[in-house]
Amino acid sequence: MRSLIIVVIHCAIAMLPFVARHGATIEPAIPFPGWPVELAGRPLNPLPLTAQERGFSQGFPGKIGRFSDGGREIIIRYVERPTRRLHPSADCLRGSGYRVSTQPLRRDGDGRLWGCVLAARDGERYRVCERIHDETGNGWYDVSSWFWSVVLQGRDGPWWAVTLAEKV
């Protein structure tokens, strides 16, 4: 009986981050500042969301934007609070029929790490890299580490999840 009580207590504690934030209407602490106009010195041109992206945006705690910098397609997700609705790009690509293989982390010109995959379908291949960051300089190269980091440390958003896709 004592073991069962200990298991129940541990399960209840593990669920606290979800119970505390689920179901409550939470207003963003910081109003949406607008989309960035450039990324790494390259101007961003807005593109319309695809039907799939519009579907993902339903109930998403933030905003989703799609852009081009002339050579890459860029998805930017503005995330107001921790959520499991922010999916890794690899999961979305697999769900769209791409064969996905994990690639080594990439370091950009500013020393930031990006998580990357190679996605292939119908003879086309794309290098897709993603990174999540906040306004105070914190950064994560995968969604799961971001989620657990911010939930367990009680961090408040917003965050920017940036996904770069380029044909290879």
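Start by selecting Arg-42, Asp-69 and Arg-72: salt bridges link these residues in a network. You are looking at a predicted model. The structure holds 12 salt bridges in total. Side chains of opposite charge can pair when their charged atoms come close.

**Stop two: Arg-66 and Glu-73**

Select Glu-73 and Arg-66 together. Their side chains form a salt bridge, with N and O 2.9 Å apart. Now show the surface. Which of the pair is buried? Arg-66 is, at 15% relative accessibility. Its partner Glu-73 is partly exposed, with a relative accessible area of 31%. Arg-66 counts as buried because its value falls under the 20% cut-off.

**Stop three: Arg-112 and its acidic partners**

Go to Arg-112. Its salt bridge with Asp-108 has its closest N and O atoms 2.8 Å apart. Add Asp-110 to the selection. Asp-110 also meets Arg-112 in a salt bridge, at 3.2 Å from N to O. Next, check accessibility here. Arg-112 is partly exposed, at 33% relative accessible area. Asp-108 is partly exposed too, at 22%. Asp-110 is exposed, with a relative accessible area of 61%. Asp-110 gets that label because its value is over 50%.

**Stop four: Ser-68**

Select strand β4, residues 62–68, and find Ser-68 in it. What lies 3.0 Å from a polar atom of the Ser-68 side chain? The backbone nitrogen of Gly-70 does. Then look for contacts beyond the neighbours within four places in sequence. Ser-68 touches Pro-43, Leu-44, Asn-45 and Leu-47.

**Stop five: the largest nonpolar core**

Hide the charged side chains and turn to the largest nonpolar core, which has 14 residues. Select Val-79, Leu-86, Ile-132, Trp-140, Trp-146, Val-150 and Trp-159; these touch the most other members. Colour by element next. β5 (73–79), α4 (143–152) and β10 (159–167) each give two or more residues to this core. Which element gives the most? It is α4, with 5 residues. In soluble globular proteins, nonpolar side chains tend to be buried together.

Centre on Trp-146. Leaving out neighbours within four places in sequence, Trp-146 is in contact with Val-79, Leu-86, Ile-132, Trp-140 and Trp-159, among others. Its contacts also include Arg-81, Pro-82 and Thr-83.

**Last stop: another core**

Apart from the largest core lies another, of 12 residues. To find it, select Phe-67, Trp-114, Cys-116 and Trp-160, which are among its members.

How values were computed: Residues are numbered from 1 along each chain as its sequence is written. This is a predicted model: local features need pLDDT of at least 70, side-chain atom pairs count only at pLDDT 80 or more; totals for chains, interfaces and linings use all residues. Side-chain values use heavy atoms; hydrogens and water are left out. Helices (H or I, at least four residues) and strands (E, at least two) are DSSP runs, numbered from the N terminus. A polar contact is a pair of N or O atoms within 3.5 Å; within protein, one must be able to donate a hydrogen and the other to accept it, and residues adjacent in sequence count only if both atoms are side-chain atoms. Contact means heavy atoms within 4.5 Å. A salt bridge is a side-chain nitrogen of Lys or Arg within 4 Å of a carboxyl oxygen of Asp or Glu. Buried means under 20% relative accessible area, exposed over 50%, partly exposed in between (1.4 Å probe, protein chains only). A nonpolar core is a set of buried Ala, Val, Leu, Ile, Met, Phe, Trp, Tyr and Cys residues joined through side-chain atoms within 4.5 Å.
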